[in-house]
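Reader: I'd like a close look at one spot in this model, and then a walk outward from there. Feel free to keep it casual.

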Amino acid sequence: MKWAENIGRGLFEPERSTSNGELWFFKFLELFVSVYTVIFVWEWGWYTQLRNVEVVLPLGLANYMDVSLFFDHNLALINAALITLLVILCYFRIGPKWLYMVVLILFHLQYVIRFSQGEIPHSQNLIGMSVFCFAIGAWFFPGEKQMPRFVLGSIIFFIGLGYTSAFFSKLIGTGFNWYDGRHLWLWISEKSIDILSREGVYQPNILQQMALNSTAIASVILLIGWFTELIGFTMWWKKIRPYTTALLIGMHIGITLTMNIRFDAFVMQLILVGFPWYKLIDHFTVSMPDIVRKWI
Amino acid sequence: MNTGQTKQGMKIIGVIILIYALLVATHEGEFWPFSIYPMFSQAGNPWTRAMVLDVTDTTDDLIWHVQTLDGKMGSPVSMRNIGVDQIDYSNFISKTENWTESRRDALRQMFGPENIGNSRWMAAKVHGKMIGRDSVTVTIQPFLLVTADTVHMNPLLGEEYYFQGDH
């Protein structure tokens, strides 16, 4: 299949040799994902311990087991501690090559324990998908030079797939009139209640006021966002990737401004994987003094 | 990765897509971290959220009536200040079908009796919908009156409002 080979070349770049900058960047990306994994599992563990009382909405594995068992006796915190330990072992490549898969399963468990209260957030999905890609990469491509290519390529693949999938979810869920600006009015009013309830006060910003005052402006905002989602899959090709990534980051800034939904980890990871940072690192390592380069 | 490993990589991604599709298809679009990303996919529908109003100083004959956002009785209680995730709270209110005694008590525990103190907090549903073609209307439906040790249902609402599923 030519198209699959074409996508594979865009994602994994078999013609390009591995540089030191690429290996350095990969360890930094892994550190970023590891740190966020640890932050999330502890945040979720503490919240569960303090606030979760009953299962309102069972997600994932919670459909097959009673996760309310983890609400007490510090079990969610113990799970967080276990994940933290395993993440450190994985980062330093200590232990079997399937250890990342154990991290993923425990991470999934922590998510369904914490979010059994009805909310289905997606802002942590990219970190979760990254851990999944690390798990697959460590298992099937454990080589020092192969794992970075597979992990980064597969993360980019699933980011692109996710955005384009979101476009079609809207097309199927609503139809071609999804971008009608009045839909944005409803979402702005809905999110304004969340902000009012969360903070005790709410004041619309300039962009929200503009959208609420003009159906045309609101429609254009939605149309730009929807189109950007559609072309998410173009990230699969190296030359287009930085431009698509820039549009996606712009879209997330737009979502934050219009609907007060923040995707901090998501956007930071887009910045990391969407641009060829290894070239910058290679440039610095070439131009730095010999003594420093040897030490590194 | 060489060309052979690239092909192997694409085959593995193909297998993952199949597993991905199978899991999200059998779990209503969500099997974290797999998702069909359905947020905002259904546009134009009326929505229901929730908020908490401090009605300590509001008289009993007024607290249970439907209010507008501009004419609400009592100031909103900040969920952040009491350490509760607003989205969790909102979903807890809107997705619970049967307000059994244990579920009502779970709401009181979520707020934390120590946070409520001597106050009276009204857990309210907030409904929003399009009116005509050019405006959105928002109404506040008082739902549960929560104090440090009790939870009262709105006497103006029928039992069917609190018990909608099998119980």
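How many other C-beta atoms lie within 10 Å of A:Asn74?

Author: There are 13 of them, which makes A:Asn74 partly exposed. On that scale, 20 or more other C-beta atoms within 10 Å means buried, 12 or fewer means exposed, and partly exposed is what falls in between, with C-beta atoms placed from the backbone. Before going on: this is a predicted model, where local features need pLDDT of at least 70 and side-chain atom pairs count only at pLDDT 80 or more, while totals for chains, interfaces and linings use all residues. Residues are numbered from 1 along each chain as its sequence is written, and chains are lettered from A and ligands numbered from 1 in the order in which they are written.

Back to A:Asn74: its phi is near 60°, a positive value in a residue other than glycine. You'll find A:Asn74 in the loop between α2 and α3 (75–91) of chain A; helices here are DSSP runs of H or I with at least four residues, strands are runs of E with at least two, and both are numbered from the N terminus.

Chain B has a parallel case. B:Glu28 also isn't glycine, yet has a positive phi, near 55°, and sits in the loop between α1 and β1 of chain B. B:Glu28 is partly exposed, with 13 other C-beta atoms within 10 Å. Another backbone oddity is the cis peptide bond between B:Trp32 and B:Pro33, with omega about 5°; B:Pro33 is in the loop between β1 and β2 (34–35) of chain B.

From α2(A), which leads into the loop of A:Asn74, you can go on to α11(A). The buried residues of α11 (264–274) of chain A are A:Ala265, A:Gln269, A:Leu270, A:Val273 and A:Gly274. They lie on the same side of the helix, because they cover an arc of only 140° around the axis, taken from the directions from the helix axis to the C-beta atoms. Among the elements covering them are α2 (20–51), α5 (125–140), α6 (146–173) and α10 (241–259) of chain A.

One of those buried residues, A:Val273, is in contact with A:Ile155, as are A:Met129, A:Ser130 and A:Cys133, leaving aside neighbours within four places in sequence; contact means C-beta atoms, placed from the backbone, within 7 Å. A:Ile155 is also among the residues with the most contacts inside the largest nonpolar core, which has 72 residues. Such a core is a set of buried Ala, Val, Leu, Ile, Met, Phe, Trp, Tyr and Cys residues joined through C-beta atoms within 7 Å. The largest share of this core, 12 residues, comes from α6(A). A second, separate core of 29 residues includes B:Phe92, B:Trp121, B:Ala124 and B:Val126.

B:Ala124 brings us to the strands of chain B: it stands opposite B:Pro142 in β7(B). β6(B) and β7(B) run antiparallel, joined by 11 bridges; strands pair if DSSP finds at least two bridges between them. Their hairpin has three residues between the strands, and B:Gly132 takes a positive phi there, near 65°. β7(B) is also joined to β8 (151–153) of chain B by three bridges, again antiparallel, and a hairpin of four residues connects the two.

Finally, how do the chains meet? 57 residues of chain B are in contact with 59 residues of chain A. α1(B) gives the largest share of chain B's side, nine residues.

Technical notes:
Contact = placed C-beta atoms within 7 Å.
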